[in-house]
Amino acid sequence: MATTSFPDASPRKENQTHRTAAGGAPLGAASRGACTAHVSPGDLLVTAADPAFARQFGLGADEIRGHGLADLLRSAGPAPLREQFAALCSGRRRRVTDRVTGRDGDGRAFAAEMTGTATRDATGETVRIVVLLRRTGDARRPEHGTAPGAGPVLSTLDAKVLEGVASGESTVQMASRLYLSRQGIEYRVGQMLRRFDAPNRPALVARAHALGMFATGQWPPRVLPEHVR
């Protein structure tokens, strides 16, 4: 299999880095509104980005370096971005495509389509990931403050568990309220932590809020109907 060569992504060669992307398209080209970044495999840190990519997040091309892609973008599907890119780096996937959401410099959510491809050296090792991002619109609905497909769709039971976590209930309290074992609650919480790519319960709640999954101004928290199947 032929390998594709990319320019050095070091800061002093930023101009060269912005020239080439997957498939030969110019980095930062306005082709259908696509913008591009280079990401290091493993830690998924942005090593270079064209100005248009950085502007999506209210940052400059220099400022966005070192930011984690999984912190900038959230998958709208069931698989966290880290899992998808791990499969890409290992060669189990040739390309990653996903609908994602992000936050601009004013904290407003936006929806986008993302494509990731791997650049490999002569030994087949992944040396760089090229990410193309095409913004598809505002990720907010006037009536609820969320967007179609902006967040995962949960089962009724998982939604109730997420609501319990958001309201500060303990595992024991949720188990009693939902007639589940403590192990059952922990299992469901653990699944959602992986699905939302969240390290802990507070981060899980924060990311669910960022995806617009909760009704605004309501206590105790309630997951919006469009996110429950």
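**Notebook: helix packing and cores**

I looked up the helix pair α6 and α7 and found that their axes come within 8 Å and cross at roughly 105°. Axes are lines fitted to C-alpha atoms, for helices over the stretch in contact, with angles from 0 to 180 degrees between N-to-C directions. The crossing makes α6 roughly perpendicular to α7 (65 to 115 degrees; under 35 is roughly parallel, over 145 roughly antiparallel, the rest oblique). I noted that the residues of this contact divide into five nonpolar, one polar and two charged. Here Ala, Val, Leu, Ile, Met, Phe, Trp, Tyr, Cys and Pro count as nonpolar, Asp, Glu, Lys and Arg as charged, and the others, Gly among them, as polar. On the α6 side I listed Thr171, Val172, Met174, Ala175 and Leu178, which meet Arg182, Ile185 and Glu186 of α7; contact means heavy atoms within 4.5 Å.

I recorded that the model is predicted, with local features requiring pLDDT of at least 70, side-chain atom pairs counted only at pLDDT 80 or more, and totals for chains, interfaces and linings using all residues. Numbering runs from 1 along each chain as its sequence is written, and side-chain values use heavy atoms, leaving out hydrogens and water.

I next examined α5 (residues 156–166), where eight of the 11 residues are buried, so the helix is largely enclosed by the rest of the structure. Buried is under 20% relative accessible area, exposed over 50%, partly exposed in between (1.4 Å probe, protein chains only). Helices (H or I, at least four residues) and strands (E, at least two) are DSSP runs, numbered from the N terminus. The buried residues of α5 pack against α6 (171–178), α7 (182–195) and α8 (201–210). After α5 I found Gly168, with a positive phi near 90°.

I then turned to the nonpolar cores, each a set of buried Ala, Val, Leu, Ile, Met, Phe, Trp, Tyr and Cys residues joined through side-chain atoms within 4.5 Å. In the largest, of 25 residues, Phe53, Leu73, Phe85, Met114 and Leu133 touch the most other members. A second, separate core of 23 residues includes Leu162, Ala166, Phe196 and Ala208. For Leu73 I listed its contacts, excluding residues up to four places away in sequence: Phe57, Leu81, Val100, Thr101, Gly102, Met114 and Leu133.

Lastly, I searched the whole structure for aromatic pairs and obtained two. The ring centres of Phe53 and Phe57 are 5.5 Å apart with planes at 50°, so this pair is tilted. Rings of Phe, Tyr and Trp (its six-membered ring) pair if their centres lie within 6.5 Å; planes under 30 degrees apart are stacked, over 60 edge-to-face, the rest tilted. Phe53 and Phe57 are both buried, and ring pairs link them with Phe110 into a cluster.
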